[in-house]
Amino acid sequence: MARVLVMIPSGEVYGHDNVRWYEHHDVQRYIDSYHNIGDAFVFDSSLKLLSYDKLGVLDISAFRPDVIDRLRGEYDYVFLRGSNYIHASMNWEQAIPILKRLGLPVIGFGIGAQAPVNGRLQLSNDTRTLLHLIADSAVSVGVRGAYSAQVLWDLGIRNVRIVGCPTAFRRNDPELRIKLPPLESVRKVGVTIRREVSPDYARDIERYLTFQRYLAKTMAERFDTVLMAQGEVEEKKLVLGTEAQRADAMAALRSNGWAASWYLDATMERLYRERLFYSDVVADYEALVRSQDLVLGYRLHGNLMALANGTPSIYFTYDSRTVEFAETFQIPSFDLFGRDAFRLEDYWDQSLFDRYNRAWYQTYGEMHRLLTENGVAHKLIDTTKPLPSPARKVA
């Protein structure tokens, strides 16, 4: 069993491999700050794929030689939790001198690059240096998709595997497949919402928000619908806050120019009051998506949590990150800025999800190879070998 350091965790660990937000019992401590619980999905899922008996956190905020030297003797490798690290504004703090002195292998576990709407991706010298440091320390680097792989290739990093995201494989069942039920049998639908977005990545904010409103309203008219938020402050307060905080949150939404103009209307206010879901606990999201017949919307990891549990999902792509993810796994997706209208019936096609099933299975194999060739103890099953037959009852 391995001794593992995680670099840039997201949440606190309980019960060996479960994640929730820090000091979960004290909701008020973090209620005024944004945190994307989707990052905790990735952390939680990563732990569920690894075999280890000791887990620690590599603090990159300060360079402390004595601490680094101690960690070198206590741990076997570092894993960098998969996330959107390769972009112009990434701050690596003291990671470079820390990793150089630590000298342990660093496993990139589904890291990704984010392309801006306009112009070329610009990376700092620190980001370039750190990516080479990671690549040189390990047999291979796991990245999100083809775009991220190309960014590393252009930097001269060749030992790359496209592994998607650990969340996709959290159930560790290589026989998992998405099988569509008859559309007329669908009753419960989750809509993953992301109200806040940067114009650096979504090129038309009006279209982004008005379509999200349209999607939420049309799904709610047709199905028993829940709106699944992932950490914006106002949405969090509406679910977990006091009565005064809920009132303040709704007032803040009404006074926000983008939300007031393009997102919040009387119907959305009602849905926000009656159908909004948020939790600081990853397991709560997993339980929710498993109870739905369909999950669709804007959240990359919220949608993926559904697919990982066998629930059909449709992506609405609006930036390079969501496009890359949909392409990696061949997930049925709707281009938010395209010319076509969205009709759910157009996506309720088993052949579309069979493409996802095939791509998911192939990428599962790549994740297995990434961990195996880097000497990482893990729980994934080798899909190049025959799967074990179901146990037979003895008469």
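Angles between helix axes are classed here as roughly parallel under 35 degrees, roughly antiparallel over 145, roughly perpendicular from 65 to 115 and oblique for the rest. The structure is a predicted model, in which local features need pLDDT of at least 70 and side-chain atom pairs count only at pLDDT 80 or more, while totals for chains, interfaces and linings use all residues. Residues are numbered from 1 along each chain as its sequence is written, and side-chain values use heavy atoms, with hydrogens and water left out.

Confidence comes first. The protein has an average pLDDT (the predictor's confidence in each residue, from 0 to 100) of 95, and 98% of the residues score at least 70. Over residues 390–395, however, pLDDT stays under 50, and the model has zero contacts (heavy atoms within 4.5 Å) for them beyond four places in sequence. Where pLDDT is low, the predicted coordinates should not be read in detail.

Helix α3 (residues 65–74) packs against helix α4 (residues 95–102) at an angle of about 45°, their axes lying 9 Å apart, and α3 and α4 are therefore oblique to each other. The crossing of α3 and α4 is right-handed, and the contact is formed by P65, I68, D69, L71 and R72 from α3 together with I98, R101 and L102 from α4. By class, five residues of this contact are nonpolar, none is polar and three are charged.

A second helix pair joins α7 (residues 205–222) and α11 (residues 266–274), whose axes come within 10 Å and cross at roughly 70°, which makes α7 roughly perpendicular to α11. This crossing of α7 and α11 is left-handed; R213, A216, K217 and A220 of α7 meet T267, M268 and L271 of α11, giving a contact of four nonpolar, one polar and two charged residues.

The strands complete the picture. Six of them form an open sheet with parallel pairing, in the order β12-β11-β10-β13-β14-β15, where strands count as paired if DSSP finds at least two bridges between them. Its edge strands, each pairing on one side only, are β12 (276–277) and β15 (333–335). At the β12 edge, strand β11 (residues 224–228) pairs with β12 in the parallel sense over two bridges, and M228 stands opposite F277 in β12.

Terms used: Axes are lines fitted to C-alpha atoms, for helices over the stretch in contact, and angles run from 0 to 180 degrees between N-to-C directions. Helices (H or I, at least four residues) and strands (E, at least two) are DSSP runs, numbered from the N terminus. A crossing is left-handed if the near helix is turned anticlockwise from the far one by less than a right angle, and right-handed if clockwise. Ala, Val, Leu, Ile, Met, Phe, Trp, Tyr, Cys and Pro count as nonpolar, Asp, Glu, Lys and Arg as charged, and the others, Gly among them, as polar.
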